[in-house]
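Please look at the chain shown here before reading on, and keep it in view while you work through the points.

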Amino acid sequence: MCARPSRCLKNFDLLKMINLIVDIGNTQVKYALMEGQTLLVECRSQSFAIEQVVRIVQGHGVEWAVVSSTRGDSVEEVAHLETLGLRVLLFDSSTPVPI
């Protein structure tokens, strides 16, 4: 996980890559696979499911995941994503913007 996103991202242009976006809300988790500004895949579940993530990213060459959560601590979800070889940016109130 990137403690200092600006250092992790300075050599990568996320807008040109295929990225997984995970939004962990109070009642559901939303997943989106983006290529630049184009939405490739969108789905939802009631809880974080690594199996769902595997189905979404399979065959797309995803390198980055951006995770945001209203539930607070997302350490477990980030760890699951990292086991898939994804670099993870945890987007929260301490993330400097623009990135």
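The briefing that follows goes from the chain as a whole to its strands and then to single residues.

The model is a predicted one, and its chain holds three helices and five strands. Read from the N terminus, the order of these elements is α-β-β-β-α-β-α-β.

**The chain as a whole**

- The chain has 99 residues, and 37% of them count as buried.
- The accessible surface of the chain amounts to about 6100 Å², and carbon and sulfur atoms account for 50% of that surface.
- If we take the contacts between residues at least 6 apart in sequence, 48% of them join residues that are at least 24 apart.

**How the strands pair**

- Strand β1, which covers residues 18-24, pairs with β4 in the parallel sense, and this pairing runs over six bridges.
- One place to find this pairing in the model is Asn 19, whose bridge partner in β4 is Trp 64.
- Strand β4 (residues 64-69) also pairs in the parallel sense with strand β5 (residues 87-91), here over five bridges.
- Two positions help to locate the pairing with β5: Ala 65 has Val 88 as its bridge partner, while Ser 68 stands opposite Phe 91.
- Helix α3, made of residues 75-83, joins with β4 and β5 to make a β-α-β unit, and this unit is right-handed.

**An aromatic pair**

- How many aromatic pairs does the count give? The count comes to one aromatic pair.
- The pair consists of Tyr 31 and Phe 48, whose ring centres are 6.4 Å apart; their planes stand at 45°, which lies between the limits of 30 degrees for stacked and 60 for edge-to-face, so the pair is described as tilted.
- The two residues are 17 residues apart and the pair links distant parts of the chain, since Tyr 31 belongs to strand β2 (residues 29-35), whereas Phe 48 sits in the loop between β3 (38-45) and α2 (50-57).
- Tyr 31 has a relative accessibility of 1% and counts as buried, and Phe 48, with a relative accessible area of 16%, is buried as well because the cut-off for buried is under 20%.

**Ser 47, in the loop between β3 and α2**

- Ser 47 is placed in the loop between β3 and α2, and with a relative accessibility of 44% Ser 47 counts as partly exposed.
- Which residues does Ser 47 contact, leaving aside its neighbours within four places in sequence? Ser 47 is in contact with Val 29 and with Tyr 31.
- Ser 47 and Asn 26 are 21 residues apart along the chain, and their C-alpha atoms are separated by 9.5 Å.

**Thr 38, in strand β3**

- Thr 38 is part of strand β3, where its relative accessible area of 46% makes Thr 38 partly exposed.
- Between the C-alpha atoms of Thr 38 and Ile 18 the separation is 9.3 Å, and along the chain these residues are 20 residues apart.

**Leu 86, in the loop between α3 and β5**

- Leu 86 is located in the loop between α3 and β5. Is Leu 86 buried or exposed? With a relative accessible area of 7%, Leu 86 is buried.
- When residues up to four places away in sequence are not counted, Leu 86 touches Leu 20, Val 62, Glu 63, Trp 64, Ala 65 and Leu 81.
- Among these, Trp 64 is the bridge partner of Asn 19, and Ala 65 is the bridge partner of Val 88 in β5.
- Leu 86 and Gly 61 are 25 residues apart in sequence, and in space they are 9.9 Å apart from C-alpha to C-alpha.

**Thr 95, after the last strand**

- Thr 95 is found in the segment after β5, and its relative accessible area of 7% means that Thr 95 is buried.
- A polar atom of the side chain of Thr 95 lies 3.1 Å from the backbone oxygen of Leu 90.

Terms used
Residues are numbered from 1 along each chain as its sequence is written. This is a predicted model: local features need pLDDT of at least 70, side-chain atom pairs count only at pLDDT 80 or more; totals for chains, interfaces and linings use all residues. Side-chain values use heavy atoms; hydrogens and water are left out. Helices (H or I, at least four residues) and strands (E, at least two) are DSSP runs, numbered from the N terminus. Buried means under 20% relative accessible area, exposed over 50%, partly exposed in between (1.4 Å probe, protein chains only). Contact means heavy atoms within 4.5 Å. Accessible areas come from the Shrake-Rupley method with a 1.4 Å probe; for residues, only the protein chains shown count as cover. Rings of Phe, Tyr and Trp (its six-membered ring) pair if their centres lie within 6.5 Å; planes under 30 degrees apart count as stacked, over 60 as edge-to-face and the rest as tilted. Two strands pair if DSSP finds at least two bridges between them. A crossover is right-handed if, with the strands pointing away from the viewer, the path from the first strand over the helix to the second runs clockwise. A polar contact is a pair of N or O atoms within 3.5 Å; within protein, one must be able to donate a hydrogen and the other to accept it, and residues adjacent in sequence count only if both atoms are side-chain atoms.
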